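Got the viewer open? Here is a short walk through a few helices, one selection at a time.

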Amino acid sequence: MKQPHIHVPQPEPDESLHSLLIAAFRFSGHANFRDFTELIFRRPSDGRGWSWRYKSIGYYLDPCRKTGLAILQGTLQLPYLVPFTDPEVARQGENRLDGETRTDPVALRSAWKANNGRPLNYCPICVALHVRRIGRSLWLRSHQLHHVNVCWRHAVRLIRVQQRFGSPLLPHEFENQKAEYCFNKSDIWWAQQARELLLANHGPSLAEHRREVYRNRAMRLGYVKSGRIDAWAIASDLEKRFDRALFERVCGSFNRERLAGIVHRVVSGQESGIQPSNHILCIDALFGEQNLFFQQLRNVQSGQKSEGQPLSGVSGRQDRSALVHREIFMRELGEKGRDVMRHLDDQFPLTHSWILQNALAWSRRKIAQLGSHSPERVSILRTAALGKRFEETVNRNSRIGVLSAIGSESYPVVIPIYGGDTSEHGFYGLADGLISS
Ligand SMILES: [Zn+2]
């Protein structure tokens with residue numbers, strides 16, 4: 001089973017199977033990449049597309065450290081898909097990794113096709129760091145996830161290239177290594193969310209359990225109209241949170257009907273195929289964080305209720321939906337300042353009413369804190385301090401001028417810009433104290 005003259009290095013964190021195979025090919029000194037992979041898997045495979053006997057790679061790695069499946073979970077994009085896959089389909093998928101080719105679940109296969117065989121992405125800063133640290137660059141899994149176009153770690157635009165099957169390259173061997181920083185919050189957020197989902201290794205779940213968790217949450221947040229989940233309202237709130245370009249990437253083309261349709265299918269468990277991207281959007285809209293969603297999913301899987309009774313009183317402190325509303329409040333506070341509540345009333349009515357009912361004192365405290373160190377106030381105080389000092393200097397100089405007119409020569413006027421013990425420092429000290437308290 002195990003072929004001689006094949007040396008596979010231990011995978012680096014987040015390294016893809018594709019990357020590991022290229023490294024193994026180079027280390028082992030074989031002449032042909034296709035033949036090399038055929039020796040391992042009994043079929044040519046570059047470790048990206050749907051393949052057979054992927055677990056065979058386990059024979060070449062330290063068996064005491066990891067099983068074949070654990071290696072594959074760490075080097076494939078499988079953990080990104082599994083959380084939204086029925087247990088039976090996930091089991092069949094796992095069998096296929098082991099060489100089982102009889103079962104052919106259409107959904108899993110289509111998802112695999114979507115996630116593999118596409119151009120590859122790399123971050124030039126990650127490339128430089130890896131070359132310096134281990135002497136080779138890596139194709140990282142988290143850079144290859146759907147719709148990810150930014151490095152989650154460096155906020156650098158990923159460079160997209162086409163890989164050749166027969167003679168694959170490592171990222172540092174491509175000519176373009178220019179780092180272009182990204183300032184788009186939506187893109188950076190997406191890269192981080194996709195990576196979080198990939199690394200969390202959540203187990204498979206039934207569509208009916210996911211539906212229960214989504215529905216209970218939506219009802220608890222008040223997204224209900226005529227007794228039904230109001231997908232339109234969820235889509236409407238979601239739309240305000242991210243760039244249009246992100247929706248266009250994730251949803252194909254973008255309009256609210258389309259987004260509402262996606263939300264409806266996810267929340268009602270009627271999705272076709274496995275589409276983690278749609279879940280990432282809906283989880284953010286309803287839970288604000290992935291952990292909360294999966295925690296409730298585990299509760300439902302173990303027979304517990306996902307959340308308390310819907311609509312019967314939004315409870316306040318214990319209500320984790322607070323996370324979503326507080327997050328919206330804080331973000332809008334940063335943008336709108338003291339007008340935040342008027343703005344929320346206009347743009348985020350659900351959050352506005354939630355804050356009024358549950359966190360009015362908290363919101364007032366946040367607004368007050370903002371007022372004490374807002375940029376406008378800093379600027380006003382700084383200008384006032386400079387003006388005062390200018391006035392003092394002019395007064396002093398005029399007194400000196402009077403003296404010099406009596407005596408001999410005049411003195412140059414010196415206006416201190418940033419003095420030592422000024423009121424500015426006093427102000428910043430105060431602001432620091434407020435921020436830390
Ligand atoms: Zn990077």
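At what angle do helix 12 and helix 13 pack? Keep in mind that this is a predicted model, then select residues 256-267 for helix 12 and residues 276-286 for helix 13. The angle is about 90°, and the axes sit 10 Å apart. With angles of 65 to 115 degrees counted as roughly perpendicular, that makes helix 12 roughly perpendicular to helix 13.

Now show side chains at the contact. From helix 12, pick I262, V263, V266 and V267; from helix 13, pick N278, H279 and C282. Colour them by class and you get five nonpolar residues, two polar ones and no charged ones.

Next stop: helix 10, residues 231-239. Which of its residues are buried? They are A231, A233, I234, A235, D237 and L238. To see what covers these buried residues, bring back helix 12 and helix 13, then add helix 9 (207-220), strand 4 (228-229) and helix 17 (349-358), all of which are included in the cover.

Leave helix 9 on and add helix 14, residues 290-301. The two axes come within 9 Å and cross at roughly 120°, which makes helix 9 oblique to helix 14. The crossing of this pair is right-handed.

Zoom in on where they meet: H209, R210, E212 and V213 belong to helix 9, while F293, Q296, L297, V300 and Q301 belong to helix 14. Colour by class again, and this contact of helix 9 with helix 14 shows four nonpolar, three polar and two charged residues.

Methods
Residues numbered from 1 in each chain as written. Predicted model: local features only at pLDDT ≥ 70, side-chain atom pairs only at ≥ 80, totals over all residues. Axes fitted to C-alpha atoms, helices over the stretch in contact; angles between N-to-C directions. Helix = DSSP H or I, 4+ residues; strand = E, 2+ residues; numbered from the N terminus. Parallel < 35°, antiparallel > 145°, perpendicular 65-115°, else oblique. Contact = placed C-beta atoms within 7 Å. Nonpolar A, V, L, I, M, F, W, Y, C, P; charged D, E, K, R; others polar. Buried ≥ 20, exposed ≤ 12 C-beta atoms within 10 Å, placed from the backbone. Left-handed = near helix turned anticlockwise from the far one by under 90°.
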